[in-house]
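Trainee: I should like to learn how to read this structure step by step. May we begin with the whole and then turn to its parts?

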Amino acid sequence: MSRVSRRTVVPVLVVLVAAAGIGLYLFQPWKAFTDTTVNEALPTASRSAAGPATKDPKPKDLAEGRFVTHEHDTSGTARTVRLAGGGQVLRLEDLMTSEGPDVRVYLSPRNAHAVKAGLGDGAVELGKLKGNLGNQNYAVPAGTDLSTFHSAVIWCKRFSVSFGAADLAQVKG
């Protein structure tokens, strides 16, 4: 039996340690065992010139829908809301999903089922998911025509997969 030389073992160990570090960075497996709860109140007014001011002093629901599960169990409600000052937000309520390494919130022109295959051209990123549990608000960029978006999506950017999505149906009245 031949002895393995130190010249062989050290480079192999360096490669294994580097591969493990890259794997930990990409997958962040500890997030499977953690939760982040966020409980933001719905803003009562827009704090910026995010859009034209409205005469209605109360926020107005524009569209809403319930989340369906894609790659990770996801539930809760998504609502688009016009604020008293004219700004718009996407509000996630009673959200329950998984944490992940690079999870973002998007508005997509595709419906919730079609998003499983991708966000679609013209999708708008609203920001990193603040928490995998609770209630949270995401400002919609000024000038965004919400009528062109059909779903709100919890999307893992690193792995290009949808955790879940909600079809946004216009609220009557």
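Trainee: How much area does the chain expose, and what share of it do carbon and sulfur atoms supply?

Mentor: This is a predicted model, and the values that follow are computed from it. The exposed area of the chain is about 10,200 Å², and 57% of it comes from carbon and sulfur atoms. As for the interior, 41% of the 173 residues count as buried.

Trainee: What is the average pLDDT of the chain?

Mentor: The pLDDT is the predictor's confidence in each residue, from 0 to 100. Here the average is 87, and 83% of the residues score at least 70. Residues 47–51 call for caution: their pLDDT is below 50, and beyond near neighbours in sequence this stretch has five contacts in the model.

Trainee: Which secondary structure elements does the chain contain, and in what pattern do they follow along the sequence?

Mentor: The chain has one helix and 10 strands. Along the sequence the pattern reads α-β-β-β-β-β-β-β-β-β-β. As to contacts with a separation of 6 or more, 67% are between residues 24 or more positions apart.

Trainee: Which residues have the most contacts inside the largest nonpolar core?

Mentor: That core has 23 residues, and Leu90 and Leu92 have the most contacts inside it. Two or more of its residues come from each of S2, strand S4 (88–96), strand S5 (103–108), S6, S7, S8 and S9. Leu90 itself touches, among others, Ala78, Val105, Leu107, Leu126, Tyr138, Val140 and Ala152, residues up to four places away in sequence being left out. There is also a second, separate core of seven residues, including Val115, Leu119, Trp155 and Ala165.

Trainee: How many salt bridges does the structure hold?

Mentor: A salt bridge is recognised when a side-chain nitrogen of Lys or Arg lies within 4 Å of a carboxyl oxygen of Asp or Glu. The structure holds seven of them. In one, the side chains of Lys130 and Glu40 meet at 3.1 Å, N to O. Lys130 lies in the loop between strand S6 (124–128) and strand S7 (133–140), and Glu40 in the loop between strand S1 (37–39) and strand S2 (60–69), so this pair ties together parts that are 90 residues apart in sequence.

Trainee: Are the partners Asp102 and Arg104 buried or exposed?

Mentor: A residue counts as buried under 20% relative accessible area. Asp102 is buried because its relative accessibility is 11%, and Arg104 is buried at 14%. Their side chains meet in a salt bridge of 2.8 Å, N to O.

Trainee: Where do Glu125 and Lys157 lie?

Mentor: Their side chains form a salt bridge of 3.4 Å, N to O. Glu125 lies in strand S6 and Lys157 in the loop between strand S8 (151–156) and strand S9 (161–167), so the pair ties together parts that are 32 residues apart in sequence. Glu125 is partly exposed at 29%, and Lys157 is partly exposed at 39%. In addition, Asp61, Arg79, Arg91 and Glu93 are joined into one network by salt bridges that share partners.

Trainee: Which residues make the nonpolar surface patch?

Mentor: Val4, Val9, Val12, Leu13 and Leu16 make a patch of about 440 Å². Leu13 belongs to helix H1, which covers residues 6–27. Leu13 counts as partly exposed because its relative accessibility is 46%.

Key
Residues are numbered from 1 along each chain as its sequence is written. This is a predicted model: local features need pLDDT of at least 70, side-chain atom pairs count only at pLDDT 80 or more; totals for chains, interfaces and linings use all residues. Side-chain values use heavy atoms; hydrogens and water are left out. Patches are made of residues with over 30% relative accessible area and no salt bridge: like charges are joined within 9 Å, nonpolar side chains (Val, Leu, Ile, Met, Phe, Trp, Tyr) within 5 Å. Accessible areas come from the Shrake-Rupley method with a 1.4 Å probe; for residues, only the protein chains shown count as cover. Helices (H or I, at least four residues) and strands (E, at least two) are DSSP runs, numbered from the N terminus. Buried means under 20% relative accessible area, exposed over 50%, partly exposed in between (1.4 Å probe, protein chains only). Contact means heavy atoms within 4.5 Å. A nonpolar core is a set of buried Ala, Val, Leu, Ile, Met, Phe, Trp, Tyr and Cys residues joined through side-chain atoms within 4.5 Å.
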